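Student: I am new to this structure and should be grateful for a close look at a single part. Please describe the place where two chains meet.

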Protein chains: 4
Amino acid sequence: MNIAVIGDSSCSPEEAKLAESVGELLAQRGATIVCGGLGGVMEAVCRGAKSKAGLTVGILPGENSNMANPWVDIPVVTGLGEARNVVVVKSAQAVIAIGGSYGTLSEIAYALKKGIPVIGLNTWSLSRHEREDDSIIKVQSATEAVGKAISLAKRRKNYEIASLRSQ
Amino acid sequence: MNIAVIGDSSCSPEEAKLAESVGELLAQRGATIVCGGLGGVMEAVCRGAKSKAGLTVGILPGENSNMANPWVDIPVVTGLGEARNVVVVKSAQAVIAIGGSYGTLSEIAYALKKGIPVIGLNTWSLSRHEREDDSIIKVQSATEAVGKAISLAKRRKNYEIASLRSQ
Amino acid sequence: MNIAVIGDSSCSPEEAKLAESVGELLAQRGATIVCGGLGGVMEAVCRGAKSKAGLTVGILPGENSNMANPWVDIPVVTGLGEARNVVVVKSAQAVIAIGGSYGTLSEIAYALKKGIPVIGLNTWSLSRHEREDDSIIKVQSATEAVGKAISLAKRRKNYEIASLRSQ
Amino acid sequence: MNIAVIGDSSCSPEEAKLAESVGELLAQRGATIVCGGLGGVMEAVCRGAKSKAGLTVGILPGENSNMANPWVDIPVVTGLGEARNVVVVKSAQAVIAIGGSYGTLSEIAYALKKGIPVIGLNTWSLSRHEREDDSIIKVQSATEAVGKAISLAKRRKNYEIASLRSQ
């Protein structure tokens, strides 16, 4: 099962700590971590995952696999620029957003469009037509984020299998 | 000058009317309309533009140019699925968002990330870390939207030229 | 109808002359020219088309619309790097290849995969499993290239319409 | 180190056997296998790799991770259609082509354009301007293919590191 962890390439020490805990917990639960492969939140989640012998995939925007942070096991080199954000999100059965700026917002939007569950830790809030959109599942801790992500990813996986069969 | 107009492929009659007016006004100002090429807001803006002899470009997600609405002059066929949203936005010097769902939100996010001005008509509101993000320039009418879009697109065009020269 | 003209961003004077003639003839036949938007063959075909009041679309690999050559009417900015080659080809009902290196070869391959006719002027020859692949329609002059391209593009357009209806 | 193995989604029994051997040998040499994730050559190389406890990555064109063949460890879901071919190739330090049709040809072209070594087993032959292009390194056996791929991939890795440092 792939869980995407998204957030900024530069982040606060608190966000980095949170991301590292998320990485540790996901690795302990046996999930493969998918991220954008660069610094900040992406680096922290990979570092956490590797400290617990997890597997990490970095979907890179540029042209060189060595742009990946040192805790990426499998660099995927796209050369697609920001369009790689789509690939990060579509490759996962659930997404955990930690903080984040406009790049993260584009990933949240893609996930919600596709029906992939998004769990948010101190991230964007959305409203439209004067009404709050509560599609992002807001949580307060790394433990809560990972618990929700794993259980929703299982459900998503089953949905994916069913939708393939019905084609 | 290219102005992107973004919004849902199914929309309310009010949004369609708004989009049609935006198309008319942009065509009268000589802007090329770039959109996602499908129905709803995209179709309405193209119809409006063609009624004033404007030029319309539809950046399609699928594989067949005939998926474009009948008012698209130039269908660009990407086969990229939702990743085509990046192309819609990057091809413009300003973006007008009318209503919209998660696809539109991804386009707003990409535009803001790249520094392309976004003018909003009854669209998403964003906040993060408990603070409102006022990057979307909110307006109340088609006239106001087009006026802002044209003047900001000129500034953006100059910025693009300058940033190319300084490379 | 869109015709893609593909070839290198640096080319010989003979190739440039050929591309310019192709652009002139396509414009006179009312086809919209789609290309990669940069120099060499792409620039020459656009220059030719504009000398006969044609319409030119440049699908750019980079992030800045001002990277387009001066004869591109409509710059489409993808930021996708070489993956933009797919978009150039899919947007056309026929492809004319003039000379060209590996980028051009990738475009020829995409077109043949999708069943879009490819007309070649002094371009790649392919063989596999020791047998020549004659899918590229080889011609000797700009006039012949444009004649073939227009007639095959019409057939392709009809096929696209039919395949959409049968869905 | 990532090695891409490319070829058709339907292939002859001989090609499947060859691909399976390539997968076994790559896994024994510790390389991560990157492929397009579907059937035919892609499935055979993954099956071979898993029989020797290798690691396999499938870069999928569609929208559903369950489209991957059963021997893909890490499905990367792009939704990009054929544009995902670029990602398969860019993610590798060397490419082994087995047989293959136009999709494979597009991948060969992208690799050669980017300077990534391509080793060919019964695959395309190229010539242009009446001259053979010998950029594809032709070999006769799985052992030879893997030997060449590993040694050239090491050199490519060093080149990537050097080109990053010189930026």
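Tutor: Ser127(A) has Ser125(B), a residue of β7(B), as its bridge partner. This bridge belongs to the pairing of β7(A) with β7(B), the strand of residues 124-128 in chain B; the two strands run in the antiparallel sense and are joined over five bridges. The model in which this pairing appears is a predicted one.

Around the paired strands lies the rest of the contact between chain A and chain B, to which chain A gives 27 residues and chain B gives 27 residues. Together the two chains bury about 2,500 Å², and carbon and sulfur atoms account for 58% of that area. On the side of chain A, the three residues that supply more than any other three are Glu82(A), Tyr102(A) and Tyr110(A), with 27% of the area that chain A buries against chain B. The size of an interface is often given as the accessible area lost when the parts come together.

Glu82(A) also takes part in a salt bridge: its side chain meets that of Lys90(B), with N and O 3.0 Å apart. Between chain A and chain B the count of salt bridges is two. In addition, 14 residue pairs are in polar contact across this interface, counting pairs in which both residues have pLDDT 80 or more.

Which elements of chain A supply residues to the side that touches chain B? At least two residues each come from α3 (84-90), α4 (102-114) and β7 (124-128) of chain A. The element that gives the most is α4(A), with eight residues. Sorted by class, the side of chain A that touches chain B holds nine nonpolar, twelve polar and six charged residues.

The symmetry of the pair comes next. Chain A is superposed on chain B by a rotation of 180 degrees with 0.0 Å of shift along the axis, at an RMSD of 0.0 Å. The relation is therefore that of a two-fold axis. Within chain A, the C-alpha nearest this axis belongs to Ser106(A), at 2.2 Å. Both copies use the same surface, as 100% of the contact residues of chain A recur in chain B.

The contact between chain C and chain D may be described in turn. Here chain C contributes 27 residues and chain D contributes 27 residues. The area buried between chain C and chain D is about 2,500 Å², 58% of it on carbon and sulfur atoms. Glu82(C), Tyr102(C) and Tyr110(C) supply 26% of what chain C buries against chain D, more than any other three residues.

Two salt bridges are counted between chain C and chain D. In one of them Glu82(D) joins Lys90(C), the closest N and O atoms being 2.9 Å apart. The polar contacts between chain C and chain D number 14 residue pairs, with both residues at pLDDT 80 or more. On the side of chain C that touches chain D, α3 (84-90), α4 (102-114) and β7 (124-128) of chain C each supply at least two residues, and α4(C) gives the most, with eight. That side of chain C comprises nine nonpolar, twelve polar and six charged residues.

The account closes with the strands of this second contact. β7(C) pairs with β7 of chain D, residues 124-128, in the antiparallel sense over five bridges. Within that pairing, Arg128(C) stands opposite Trp124(D) of β7(D).

Terms used. Residues numbered from 1 in each chain as written. Chains lettered and ligands numbered in written order. Predicted model: local features only at pLDDT ≥ 70, side-chain atom pairs only at ≥ 80, totals over all residues. Heavy atoms only, no water. Contact = heavy atoms within 4.5 Å. Buried area = accessible area lost by both parts, 1.4 Å probe. Salt bridge = Lys/Arg side-chain N within 4 Å of Asp/Glu carboxyl O. Polar contact = N/O pair within 3.5 Å; in protein donor to acceptor, adjacent residues only side chain to side chain. Helix = DSSP H or I, 4+ residues; strand = E, 2+ residues; numbered from the N terminus. Nonpolar A, V, L, I, M, F, W, Y, C, P; charged D, E, K, R; others polar. Pairing = 2+ DSSP bridges. Least-squares fit on C-alpha atoms with pLDDT ≥ 70 in both.
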